[in-house]
Structures are given as C-alpha cells and as structure tokens.
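Please open the model in a viewer and keep the sequence panel visible beside it. The tour below proceeds from the whole chain to individual residues.

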Amino acid sequence: MLTTPVYINPLTDFGFKYIFGREENKDLLISFLNSLFPENGEIVDVTFVDKENGGESKDSRALIYDIHCLTADGKKFIVEMQNRYQTHFRDRALYYLSADIYTQGKKGKDWNYSLTPVYGVFLMNFDWKEFEDEQLREDVGLVNIRTGKQFSDRLRMVFLKIPMLTKNEKECKESLERWLYIFKNMETMECIPSSFTSDPIFSKLGKIARIGALSESQRRAYDNSLKIYRDNYAIAETERNEGIAEGFIKGRAEGRAEGRAEGTRAIALNLLKAGVEEELIAISTGLTKDQLAKLRQEI
C-alpha cells in the first residue's frame with residue numbers, strides 16, 4: 001500500500017492550477033478541452049486571461065478553483081474544480097458565464113451585438129443533488145423548448161461528476177475518461193498507468209506532477225493547499241454524517257408519530273363499530289368530527 005504520495009493531488013487548488021493553469025503546461029489543458037468538445041474541431045492553442053468576472057478561488061470556503069482561457073478563434077473557456085456542494089451552484093455557474101457574455105458589449109453605434117461563445121466546464125467532486133440521473137456528464141445549452149434544437153451556441157455548460165466514474169484504468173479508453181480517472185485517483189498512484197502513457201500528454205503529466213519535482217516554495221504552497229483541502233473534506237464529511245443522523249432521528253420520530261396515529265385510528269374505528277357515541281370517541285381519541293365521519297364511511 002502506498003504510504004508516501006508520489007503525485008500532487010489535482011483536486012487541491014495548487015494541484016489543479018499547477019497542472020492546468022501554467023503557460024508551460026497549457027498543452028495539458030488543451031488536451032483536456034479537446035477531450036470534452038471533439039465536435040468543435042481541434043483546439044491548437046489557448047491564452048490565459050485575467051479572472052475579471054469569474055469565480056475567484058474560494059479555497060477556504062466552497063473550494064472553487066478556476067482557470068480562464070481564450071482559444072485562437074476567440075472562444076472563452078472557464079474551467080472550474082469544486083469539491084463541495086454549494087447552494088445555488090447552478091445559478092452561480094449561469095451568472096458567471098452570463099457576465100462574460102455581457103462584458104463582450106462594446107460602446108458606440110458600430111457594435112452589432114455579435115458575440116463569441118462562452119463555455120463553462122465544471123468539475124464536481126461531489127454528488128450533485130440537482131441532477132437526479134446518474135450520468136457522468138451533463139451538457140446544458142440554449143435550446144428551443146418545443147423542438148429541442150439548438151437556439152444559440154454562444155453559451156454552453158458542461159458538468160462533470162467525478163464520483164460517477166466507476167471504471168478502472170483498463171476500462172478507461174476515451175481521453176475524457178482517462179482525465180477523470182486521473183482526477184479521482186492520481187494522489188494514490190505509484191505511477192501513471194502504462195495504458196495512459198502511450199499518449200505523450202499523460203506521459204508529461206507523470207513527470208511534471210511528481211511531488212519530488214516541486215521546488216521548496218512550491219512544496220510549501222502545495223502542503224498548505226492540501227491541508228485546506230483535507231480540512232474542508234473533513235467538514236463536508238461531518239456535515240454529511242450529521243445530516244444522516246438527523247434524518248435517522250427525524251425518521252424514527254415520524255415513524256413513531258405515524259404509528260400512534262394509526263393506533264388511534266384503529267381504536268376509533270372499533271369504537272364506532274361498537275356503537276359508542278361519536279362525542280365520547282372524540283374526547284377519548286382527540287379526533288375531530290370530520291375525521292370520525294370519514295372513518296364511519298369505512299364501516
């Protein structure tokens with residue numbers, strides 16, 4: 001069993017941005033984006049941009065890590081990692097993408113409202129309650145409600161639910177599956193799977209993401225980021241367990257209440273069958289005249 005991690009955890013703020021947010025590693029980001037949108041044609045280059053409108057890192061709270069970039073043909077991509085469920089997460093995602101749409105507006109009469117597409121990619125390391133199905137990937141866009149046909153390609157969101165990936169390394173054949181497998185398992189790997197490293201991108205990942213390759217300052221930054229990640233994970237687990245316990249206690253209380261109500265109903269029904277006056281039954285059981293009238297219909 002692996003005791004000393006070989007690779008940085010890509011689910012931490014440092015790990016996520018170290019792998020995808022640096023100029024020297026942008027080929028890794030390009031590979032990931034191409035695995036998501038093969039129908040758009042190959043992305044050959046990206047330019048990192050300032051996060052003017054997007055969700056800044058909130059590592060100490062909901063753990064939102066993001067990367068903003070532009071492709072050569074002007075498409076805007078916001079890539080986020082989030083490790084904890086957040087209330088109104090769906091609305092927040094829509095808000096940030098809409099903000100990037102809005103800021104494309106230009107002053108003056110010459111602007112004709114032409115927009116370039118904005119894509120949001122949301123990596124979620126938690127079970128999202130707002131989607132009821134068990135799909136690994138959810139694609140959201142602007143469509144005609146009646147026909148289901150695309151209305152506009154200018155805004156699109158992709159939600160990737162990391163916990164839903166259950167395949168082992170040999171079963172991961174597609175590039176996207178391999179990236180998600182990496183996200184989920186890299187911290188515990190001794191090496192990048194050989195079936196992955198036939199792709200030069202994953203071979204490079206295995207070299208640059210080693211903890212031993214970090215400088216002293218980078219190691220301090222990573223250790224701090226890892227601590228925050230683990231603290232937040234512990235908080236999330238506590239909240240989840242408390243929720244389970246609360247639900248169990250509430251369920252037992254509700255069960256007992258339902259049992260008492262059913263018992264009262266049975267007693268009242270038997271008294272009605274025995275010809276006892278309804279007023280006396282009401283006093284004895286606490287049931288109303290309307291409730292007793294409905295019970296009498298069952299006799």
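The stops that follow each name a selection and then describe what is found there.

**The whole chain**

Begin with everything displayed, bearing in mind that this is a predicted model. Colouring by secondary structure should bring out eight helices and six strands. Followed along the sequence, these elements are arranged as α-α-β-β-β-α-β-β-β-α-α-α-α-α. The protein has 299 residues, and 40% of them count as buried. Switching to a surface representation displays an accessible area of about 17600 Å², with 51% of that area belonging to carbon and sulfur atoms. Among contacts between residues at least 6 apart in sequence, 60% join residues at least 24 apart.

**Helix H2**

Next, select residues 26-36, which form helix H2. How many of the residues of H2 are buried? The count is 10 of 11, and the helix is thus described as mostly covered. The buried residues are Lys26, Leu28, Leu29, Ile30, Ser31, Phe32, Leu33, Asn34, Ser35 and Leu36.

**H2 against H5**

Keep H2 on display and add residues 200-208, helix H5. Two packed helices are described by the angle between their axes and the distance between the axes. For H2 and H5 the angle is about 135° and the axes are 10 Å apart. That angle makes H2 oblique to H5, and the crossing is left-handed. To view the contact itself, show the side chains of Asp27, Leu28 and Ser31 in H2 together with Ile201, Lys204, Leu205 and Ile208 in H5.

Remain on H5 and select its buried residues, namely Ile201, Phe202, Leu205, Gly206 and Ile208. These buried residues pack against helix H1 (13-20), H2 and helix H4 (175-185). At the start of H5, display Asp199 as well: one of its side-chain oxygens reaches to within 2.9 Å of the backbone nitrogen of Ile201.

**H2 against H4**

Now hide H5 and show H4, residues 175-185. The axes of H2 and H4 come within 8 Å and cross at roughly 125°. The two helices are therefore oblique to each other, and their crossing is left-handed. On the H2 side, select Leu28, Ser31, Phe32, Ser35 and Leu36; on the H4 side, select Ser175, Leu176, Trp179 and Phe183, which they meet. An α-helix has 3.6 residues a turn, so residues three or four places apart point the same way. Leu28 and Ser31 deserve a second look, since they take part in the contact with H5 and also in the contact with H4.

**Lys76 in strand E3**

Move to strand E3, residues 76-82, and select Lys76. Is Lys76 buried or exposed? Its relative accessibility is 11%, so Lys76 counts as buried. With side chains shown, locate Asp100: its side chain makes a polar contact of 2.6 Å with the side chain of Lys76. Excluding residues up to four places away in sequence, Lys76 touches Val49, His68, Cys69, Leu70, Asp100, Pro117, Val118 and Tyr119.

**Tyr113 in a loop**

For the last stop, select Tyr113, located in the loop between helix H3 (89-102) and strand E4 (118-124). The phi angle of Tyr113 is near 75°, a positive value in a residue other than glycine. Tyr113 has a relative accessible area of 65% and is therefore exposed.

Definitions and conventions
Residues numbered from 1 in each chain as written. Predicted model: local features only at pLDDT ≥ 70, side-chain atom pairs only at ≥ 80, totals over all residues. Heavy atoms only, no water. Helix = DSSP H or I, 4+ residues; strand = E, 2+ residues; numbered from the N terminus. Buried < 20%, exposed > 50% of the residue type's maximum accessible area, 1.4 Å probe, protein only. Polar contact = N/O pair within 3.5 Å; in protein donor to acceptor, adjacent residues only side chain to side chain. Contact = heavy atoms within 4.5 Å. Areas by Shrake-Rupley, 256 points an atom, 1.4 Å probe, with all protein chains shown as cover. Axes fitted to C-alpha atoms, helices over the stretch in contact; angles between N-to-C directions. Parallel < 35°, antiparallel > 145°, perpendicular 65-115°, else oblique. Left-handed = near helix turned anticlockwise from the far one by under 90°.
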